Amino acid sequence: MSRIRAAVLGSPIEHSLSPVLHRAAYRELGLADWSYDRFDLGEAALADFMAGLGPEWAGLSLTMPLKRAVIPLLDEISDTAASVEAVNTVVLTADGRRLGDNTDIPGIIAALHERGVDKVDSAAILGAGATASSALAALGRICTGEVTAYVRSRARADEMLRWGERLGVDVRTADWADASRALTAPLVIATTPAGAADPLAADVPDAPGTLFDVLYDPWPTALAAAWSARGGRLLGGLDLLVHQAVLQVEQMTGRTPGPLTAMRAAGEAALRARH
């Protein structure tokens with residue numbers, strides 16, 4: 001039986017949950033001839049790796065620092081990927097073409113839809129890193145009003161304003177010192193590194209709205225735990241990982257996994273095994 005290959009690329013890559021999630025989907029779909037691996041690659045090694053891929057390869061998942069570096073190596077990228085200049089999914093077609101997409105943006109939207117969040121009249125973003133641009137693009141599709149980004153520097157503020165203009169999203173920026181004000185928004189997306197938003201846990205209001213904290217390890221974060229304790233709707237990084245992985249599996253295999261329970265359970269088990 002010939003094997004069909006896929007993998008996740010990036011650096012560091014050893015803690016990626018992508019192999020766990022994709023392999024769970026393959027098992028559910030009965031794709032015994034599919035394999036999914038991980039490769040620790042930096043930008044300098046990417047072109048040679050891509051050049052060496054044979055016809056057995058169906059697709060690649062990309063994480064940092066490769067989401068932008070891969071674009072010149074592709075034949076075509078989707079409008080979604082172009083909107084944030086980031087590709088996290090490459091499909092290798094039978095006729096040798098390399099197609100890039102970004103499943104983080106629709107993954108955020110799908111995760112929110114799963115929890116009953118279809119539209120909001122305003123939202124807040126904590127942070128202004130790479131994930132914040134995807135969050136802003138997602139909010140452009142579900143937020144009917146203003147998005148406030150809480151950032152630590154003028155340079156970050158200017159970057160978020162540029163992204164807002166490019167994506168057609170009504171954005172204003174505020175200083176991180178006032179980040180506790182974000183917690184009253186109907187939807188808060190936290191894109192900060194581990195520990196950065198922990199001090200905000202003490203400021204979570206009674207009956208908060210929805211928090212989407214994109215971290216998944218450690219979980220729950222202090223902010224997420226406080227949010228849940230006060231009765232707010234809570235999503236975490238594993239929700240995003242599962243939903244964006246489902247979209248990758250669909251594109252690479254042409255098959256749609258069923259209920260997400262198998263992939264989510266596999267991810268949860270892998271995280272428990274780390275601690």
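Analyst: A residue is called buried when its relative accessible area is under 20%, exposed when it is over 50%, and partly exposed in between; the values discussed below come from a predicted model.

User: Why, then, is glutamate 85 called partly exposed?

Analyst: Its relative accessible area is 31%, and since buried means under 20% and exposed means over 50%, that value belongs to the class in between. Glutamate 85 sits in the loop between α3 (79–84) and β5 (89–92), and has a positive phi of about 50° although it is not a glycine.

User: And what makes alanine 207 exposed?

Analyst: With a relative accessible area of 68%, alanine 207 is on the other side of the cut-off, because exposed means over 50%. Alanine 207 is found in the loop between β10 and β11, and its phi, near 50°, is likewise a positive value in a residue other than glycine. Most residues other than glycine have a negative phi.

User: How do you know which peptide bonds are cis, and where do prolines 12 and 65 lie?

Analyst: Omega is about -5° for the bond joining serine 11 and proline 12, which is cis, and about 5° for the cis bond joining methionine 64 and proline 65. Proline 12 lies in the loop between β1 (4–10) and α1 (18–29), whereas proline 65 lies in the loop between β3 (57–62) and β4 (76–77).

User: What puts the buried residues of α7 on the same side of the helix?

Analyst: The buried residues of α7 (residues 222–229) are Leu223, Ala224, Ala226 and Trp227. They cover an arc of only 165° around the axis, and therefore they lie on the same side of α7. An α-helix has 3.6 residues a turn, so residues three or four places apart point the same way. The buried residues of α7 pack against β7 (123–126), β10 (187–190), β11 (210–213) and β12 (233–235).

User: Which residues and elements line the second largest pocket?

Analyst: That pocket has a volume of about 260 Å³. Of its 16 lining residues, the closest to the centre are Tyr216, Trp219, Leu238, Glu268 and Leu271, while β12, α8 (237–253) and α9 (261–273) each give two or more residues to the lining. The lining divides into 8 nonpolar, 3 polar and 5 charged residues.

User: How do you know that the radius of gyration agrees with a compact globule?

Analyst: For 275 residues a compact globule would have a radius of gyration near 19 Å, and the protein has 19 Å, so the two agree.

Technical notes
Residues numbered from 1 in each chain as written. Predicted model: local features only at pLDDT ≥ 70, side-chain atom pairs only at ≥ 80, totals over all residues. Heavy atoms only, no water. Buried < 20%, exposed > 50% of the residue type's maximum accessible area, 1.4 Å probe, protein only. Helix = DSSP H or I, 4+ residues; strand = E, 2+ residues; numbered from the N terminus. Arc of directions from axis to C-beta. Contact = heavy atoms within 4.5 Å. 1 Å grid on protein atoms, 1.4 Å probe; cavity = no way out; pocket = protein on both sides within 12 Å on 5 of 7 lines; lining within 4 Å. Points joined across faces, edges and corners; volume = space filled by probe spheres on them. Nonpolar A, V, L, I, M, F, W, Y, C, P; charged D, E, K, R; others polar. Rg over C-alpha atoms; globule rule 2.2 N^0.38 Å.
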